[in-house]
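User: I am a first-year student and I would like a close look at one residue. After that, please walk me outwards to its surroundings and to the partner chain.

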Amino acid sequence: MLRSSWRFGIVLGLGCLACAPESDDVEEIHVFAASSLTDALQSLASEFEQEEEGLEVVLSFAGSQTLRVQIEQGARADLFASANPDHIDALVADELVSDVQAFAFNSLAVVVPLARSNAPETFEGLVDAERIVVGHPNAPIGQYTLELLSNLERRHGRDFVERVRSSIVSEETNVRLVRAKVEVGEADAGIVYRSDAVSSSRVRAIPIPVESNVRAEYSFARLRDAPASDVATAFVAFVLSERGQRVLELQGFAAVRP
Amino acid sequence: MKPTRTLPVGLLFGWVLLGVLVVPFVALTVSTSPESVRSGITNEMFAPALRLSLWTSFVSVVLAAIGGTPLAWWLATTRSRAAHTVSLLVQLPIVMPPAVVGIALLETFGRQGVLGPALSLFGVSIPFTATAVVLAQVVVAAPFYVQAASNAFREIDPETLRVARTLGATSRIAWSRVALPIALPGLAVGASLAWARALGEFGATLLFAGNLTGRTQTMPLAILSALEADIGLAVVFSLALALSALLVLGALQLVPVAVSRRRSQRS
């Protein structure tokens with residue numbers, strides 16, 4: 001009994017050696033990306049991996065600020081995809097990243113829960129929403145929301161913005177939490193990136209008038225000690241290619257190339 | 001009695017563990033400067049968050065003690081399958097990731113939750129309010145109190161209570177004059193653990209109560225919000241939270257000392 005289980009262990013061990021991926025043939029890049037890029041970069045990475053055999057894109061998502069701190073503290077990665085140019089600028093100033101390249105634009109949208117009947121129907125209906133959830137001013141989404149509100153003040157008047165403000169019940173620290181509160185129907189409306197509105201089937205997007213909307217810019221920056229710089233170059237080129245930009249457009253982003 | 005000597009190797013591991021536990025907090029303290037402390041405590045998020053954290057965690061502990069003491073007594077004195085099951089259920093929130101507790105609370109008290117629609121008939125809506133903050137804290141913190149309290153009650157020799165009864169004490173008097181004082185140090189430890197846990201509660205609050213300065217933004221949520229802008233600010237907030245937790249833990253653990261001193265003075 002003991003002997004047979006011993007032998008079984010050896011067989012199992014050898015089997016695992018055989019089935020382990022041959023890491024020599026696969027070249028990996030590590031990409032740190034802002035959470036709002038989750039869906040888009042996942043599909044971009046899988047298309048890239050299909051096209052370029054033997055290359056693998058490992059993605060790690062968090063708020064842009066968190067990723068910036070991790071890079072400052074010496075985290076190993078090849079590329080940083082930030083939702084906010086300020087973080088990239090700070091890292092460039094510290095000479096931790098270089099070769100900044102914008103690859104997508106985003107705008108804002110209002111999302112309302114599908115399941116609730118008394119959710120706002122139009123953008124103007126936002127003032128009647130009982131509970132509105134937005135991003136915290138410290139997070140990029142919150143900054144863009146403040147910008148939006150000040151644009152709205154000019155176009156729709158102070159009263160409109162004050163009524164919206166008075167219904168804000170929470171300032172979430174990232175955009176996915178804003179959307180989640182709308183998805184579960186706890187909030188009547190949320191202000192998120194257009195891409196977050198597109199990628200959820202549990203919310204309905206209400207477009208924000210173009211003249212008041214804001215433009216968020218996403219850029220790649222290359223880490224100074226990037227271990228796999230060739231693959232990183234190839235991946236950036238793929239994202240900027242016509243095919244890559246189409247993937248981004250399908251996810252609700254705007255292409256950097258017309 | 002001479003204290004038993006710890007093996008040198010064991011002692012080494014103990015010191016290493018202590019280092020791992022303490023050095024990060026020392027590092028936090030070292031990494032900050034008087035200027036950042038000044039700008040931290042004058043930040044608009046600081047005072048409202050600290051105030052909210054302190055009063056909500058206080059209310060949570062009081063609620064945990066009011067409900068938890070009888071429950072713990074019942075758990076400690078009942079030997080049935082039901083008591084065993086209840087004891088397991090009470091421990092569940094300890095192992096659950098707080099985010100799951102937050103979702104569960106939304107599924108209970110939210111607009112589309114089990115109780116939410118009924119509550120809204122009475123005009124009561126809990127999510128995004130300070131009530132939600134307290135509720136989240138009670139769920140994650142009360143198990144620690146109940147656990148410690150039932151352990152403390154189990155330590156009481158049933159004979160002591162029986163003697164008190166034969167000396168003419170009613171069962172209520174026997175409980176409050178005999179059982180409670182014996183268990184008090186254990187209850188205080190439970191309350192201090194629960195308070196510290198409530199003070200640090202983050203995940204369930206984030207989902208169930210949201211994050212609005214002055215209304216639902218507790219210190220842990222303010223730390224997360226600060227982290228998005230300035231890590232130095234987050235460090236100052238964290239130090240304030242660590243200091244409050246130390247004060248709370250210290251103060252509550254002094255209670256049993258004071259009680260036993262008073263008792264020994266009396267006898």
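Is Asp99(A) buried, exposed or partly exposed, and how many other C-beta atoms lie within 10 Å?

Analyst: One caution before the answer: this is a predicted model.

Asp99(A) is partly exposed. It has 17 other C-beta atoms within 10 Å. Buried would take 20 or more, and exposed would take 12 or fewer, so 17 falls in between. Where does Asp99(A) lie? It belongs to strand S4 of chain A. Its backbone has a feature to note. The phi angle of Asp99(A) is positive, at about 50 degrees, although the residue is not a glycine.

Glu95(A) makes a good companion. It also is not a glycine, and its phi is positive, at about 60 degrees. Glu95(A) sits in a loop of chain A, between helix H4 (85-93) and strand S4 (97-106). What about its surroundings? Glu95(A) is exposed, because just 8 other C-beta atoms lie within 10 Å and the limit for exposed is 12 or fewer.

Now move to another strand of chain A. Strand S1 (residues 27-34) has 6 buried residues out of 8, so it is largely enclosed by the rest of the structure. S1(A) has two strand partners to look at here. With strand S2 (residues 55-62) of chain A, S1(A) forms 8 bridges in the parallel sense. Ala34(A) has Ala62(A) of S2(A) opposite it. Between S1(A) and S2(A) comes helix H2 (residues 38-51), and these three elements of chain A make a right-handed β-α-β unit. The other partner is strand S3 (residues 79-82) of chain A. S1(A) and S3(A) also run parallel, joined by 3 bridges. In this pair, Val31(A) has Leu79(A) as its bridge partner. A rule helps when you view strands like these. In a regular strand the side chains alternate between the two faces of the sheet.

Chain A has an open sheet of 5 strands too. Follow its order across: S7-S6-S8-S5-S9, with mixed pairing. Which strands form the edges? They are strand S7 (168-172) and strand S9 (203-207) of chain A, and each of them pairs on one side only. From one strand to the next, the twist averages 30 degrees. Look inside this sheet at strand S6 (residues 132-135) and strand S8 (residues 189-193) of chain A. They pair in the parallel sense, over 2 bridges. Here Val133(A) has Gly190(A) in S8(A) as its bridge partner. A helix covers these strands. Helix H7 (residues 175-183) of chain A lies across S5 (108-113), S6, S7, S8 and S9 of chain A. Its direction makes an angle of about 145 degrees with S8(A).

Next, the partner chain. Where do the chains touch? In chain A 18 residues are in contact with 17 residues of chain B. On the chain B side, helix H11 (residues 219-227) gives the largest share, with 4 residues. That side divides into 9 nonpolar, 6 polar and 2 charged residues.

Chain B is built from helices. It has 12 helices and 0 strands. Its C-alpha trace spans about 65 × 60 × 35 Å along the principal axes. Of its 267 residues, 38% are buried. Contacts between residues 24 or more positions apart make up 77% of those with a separation of 6 or more.

One helix pair shows how chain B is put together. The axes of helix H3 (residues 46-77) and helix H7 (residues 130-154) of chain B come within 6 Å and cross at roughly 35 degrees. The crossing of H3(B) and H7(B) is right-handed. Their contact has 20 nonpolar, 7 polar and 1 charged residues.

Finish with one residue of chain B, Val235(B). It is found in helix H12 (residues 231-266) of chain B. Val235(B) is buried, because 22 other C-beta atoms lie within 10 Å and the limit for buried is 20 or more. What does it touch? Leaving out residues up to four places away in sequence, Val235(B) touches Leu28(B), Ser31(B) and Thr32(B). Gly113(B) is a distant point: 122 residues from Val235(B) in sequence, and 37 Å away in space, C-alpha to C-alpha.

Now set the three residues side by side. Glu95(A) is exposed, Asp99(A) is partly exposed, and Val235(B) is buried.

Notes
Residues are numbered from 1 along each chain as its sequence is written. Chains are lettered from A and ligands numbered from 1 in the order in which they are written. This is a predicted model: local features need pLDDT of at least 70, side-chain atom pairs count only at pLDDT 80 or more; totals for chains, interfaces and linings use all residues. Two strands pair if DSSP finds at least two bridges between them. Axes are lines fitted to C-alpha atoms, for helices over the stretch in contact, and angles run from 0 to 180 degrees between N-to-C directions. Two residues are in contact if their C-beta atoms, placed from the backbone, lie within 7 Å. A crossing is left-handed if the near helix is turned anticlockwise from the far one by less than a right angle, and right-handed if clockwise. Ala, Val, Leu, Ile, Met, Phe, Trp, Tyr, Cys and Pro count as nonpolar, Asp, Glu, Lys and Arg as charged, and the others, Gly among them, as polar. A crossover is right-handed if, with the strands pointing away from the viewer, the path from the first strand over the helix to the second runs clockwise.
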